[in-house]
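Here is a guided look through one chain, written to be read with the model open beside it. We begin with a single residue and work outwards from there.

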Amino acid sequence: KYIFRLFSSVILALMCILGFFYFNSLSESYSAVENLGLSWVIFSAGVFVNNFGIYKDSILRGSGAQNALNLVYISSRIGFFSISSIILYFYFSGLLVVSISFFVSMIFQRLCILRIWNRSTLSESSNSKLGLKVIHRIFLLLWPNSYRTALVFVGSFLTLRGGILLAPKLTSANFAADYVLGVTLVLGLSAVATELGRVKLPSLHKAQISESISKVRDLTKEIFVVSLCSYSLGSVVLGFLAFSNTKIVIDFGININLRILIPLLFINLFELIYSLSGVFLSSQNTTPTVKSSLVTGMSNIVLTPLS
């Protein structure tokens, strides 16, 4: 709890400070976007709200509440997309509406998970006060894998979302909008596919502890099959929408660019396989993917401007 609350506070400060300098560095074509700064602050607040209490998710997942968590995640995402789509249909200020919808969905998600937490026996043990020496000892125990996991997250962020930061500075506003839309759709699809596979994680962890090799093998195959089949099906649907020139309403109609979407789908497919492999390895209490993740992310940032 202490680690996640410190982490969420640092992330909020970095997002607001770095976001301020980033938006000021953009060209005049982007500075004219209405409520750009306010939208970013609200979005950052939504990220903070989610990270502040997200430690409960891992504990609940380990205690067997995976189905309840999945229901909350799905309901939150459906609510976010539904509210945004309905309001955007009437041509209100797009970025601000999306940011507010995201913030509300995160509050809804946290409240629902808090309700599940309070109904469990975990809430009683979490109220016990720990001394600084105990906290320090636990922190040292968790730190070796925690910082490696954080570095893997940074590498994954640079690989999948680094282009979003570079596109407004290197391309036209129209291309950047198409690119961001494509990344958003692909990452949303990947999140759904990953969550469907993560349902079996508690069982996988138990099998690892009991050293049941055959069960570990079967569960790993099941996680990969469910996630990859879900991703493939979603990719076909997105490809069909792009091919049929279906428009997504964000302030005005923006086409799903097929030439942008297809490479993103393939790139994210490899990242999905990579992350699922990382999930399996992390169940063995090891994180050997730090270097490869950082090298891939930094290569993306360095090579993108050159291309």
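## A starting point in helix H9

Let us begin with Thr-194, which is found in helix H9. Please keep in mind that this is a predicted model. Is Thr-194 buried or exposed? Its relative accessibility is 18%, so Thr-194 counts as buried, the limit being under 20%.

The side chain of Thr-194 turns to the backbone of its own helix, reaching the backbone oxygen of Ser-190 at 2.8 Å. Setting aside neighbours within four places in sequence, Thr-194 is in contact with Ser-227 and Leu-272. Ser-227 is itself one of the buried residues of H11.

## The chain as a whole

Stepping back, the chain holds 13 helices and 2 strands. Of its 307 residues, 34% are buried. How much of the contact network joins residues at least 24 apart, among contacts between residues at least 6 apart in sequence? The share is 77%.

## The largest nonpolar core

The largest nonpolar core has 25 residues, and the members that touch the most others are Tyr-179, Val-186, Leu-204, Tyr-231, Leu-261, Leu-264 and Leu-265. Which helices each supply at least two residues of this core? They are helix H8 (132-170), helix H9 (173-198), helix H10 (201-209), helix H11 (213-243) and helix H12 (258-282). Apart from this core lies another, of 7 residues, with Leu-60, Ala-65, Leu-69 and Val-72 among them.

Leu-264 is a good residue to centre the view on. Neighbours within four places in sequence aside, Leu-264 is in contact with Tyr-179, Gly-182, Val-183, Val-186 and Tyr-231. Of these partners, Tyr-179, Val-186 and Tyr-231 also appear among the core members that touch the most others.

## Helices H10 and H11

In H10, the buried residues are Leu-201, Pro-202, Leu-204, Ala-207 and Gln-208. After H10 comes Glu-211, which has a positive phi, near 60°.

H11 has 31 residues, and at 1.5 Å a residue they should span 45 Å; the end C-alpha atoms are 44 Å apart, which agrees. The buried residues of H11 are Val-216, Leu-219, Thr-220, Ile-223, Ser-227, Tyr-231, Gly-234, Ser-235, Leu-238, Gly-239 and Ala-242. Among them, Tyr-231 is in contact with Leu-264, and Ser-227 is in contact with Thr-194, the residue we began with.

## Helix H1 and what covers it

Now move to the N-terminal helix, H1 (residues 2-25). How does its span compare with expectation? Its 24 residues should cover 34 Å at 1.5 Å a residue, and its end C-alpha atoms lie 35 Å apart, which agrees.

Ser-8, Met-15, Gly-19 and Tyr-22 are buried in H1. The cover over the buried residues of H1 includes H3 and H8. H8 is also one of the helices that supply at least two residues of the largest core.

## Aromatic rings in helix H3

The chain has 4 aromatic pairs. One of them is formed by Trp-40 and Phe-43, a tilted pair at 5.6 Å centre to centre with 35° between the planes. Both residues lie in helix H3 (residues 36-52), where they are 3 residues apart, about one turn of the helix. Trp-40 has a relative accessibility of 26% and so counts as partly exposed, and Phe-43, at 29%, is partly exposed too. Trp-40 and Phe-43 join Phe-102 in one aromatic cluster.

Why does the pair formed by Phe-48 and Phe-52 count as tilted? Their planes meet at 45°, with ring centres 5.4 Å apart, so the pair is tilted; the tilted class covers angles that are neither under 30 degrees nor over 60. Phe-48 and Phe-52 are also both in helix H3, 4 residues apart, about one turn of the helix. Phe-48 is partly exposed at 24%, and Phe-52 is partly exposed at 30%.

## Two further spots to visit

Lys-56 has its charged end over the ring of Trp-117, 5.5 Å from the ring centre.

Leu-71 has its place in helix H5 (residues 66-89). At 59% relative accessibility, Leu-71 counts as exposed. Leu-71 and Gln-109 are 38 residues apart in sequence, with their C-alpha atoms 10.0 Å apart in space.

Key
Residues are numbered from 1 along each chain as its sequence is written. This is a predicted model: local features need pLDDT of at least 70, side-chain atom pairs count only at pLDDT 80 or more; totals for chains, interfaces and linings use all residues. Side-chain values use heavy atoms; hydrogens and water are left out. Rings of Phe, Tyr and Trp (its six-membered ring) pair if their centres lie within 6.5 Å; planes under 30 degrees apart count as stacked, over 60 as edge-to-face and the rest as tilted. Buried means under 20% relative accessible area, exposed over 50%, partly exposed in between (1.4 Å probe, protein chains only). A charge sits over a ring if NZ of Lys or CZ of Arg is within 6 Å of the ring centre and within 35 degrees of the ring normal. A nonpolar core is a set of buried Ala, Val, Leu, Ile, Met, Phe, Trp, Tyr and Cys residues joined through side-chain atoms within 4.5 Å. Contact means heavy atoms within 4.5 Å. A polar contact is a pair of N or O atoms within 3.5 Å; within protein, one must be able to donate a hydrogen and the other to accept it, and residues adjacent in sequence count only if both atoms are side-chain atoms. The expected span of a helix is 1.5 Å times one less than its number of residues.
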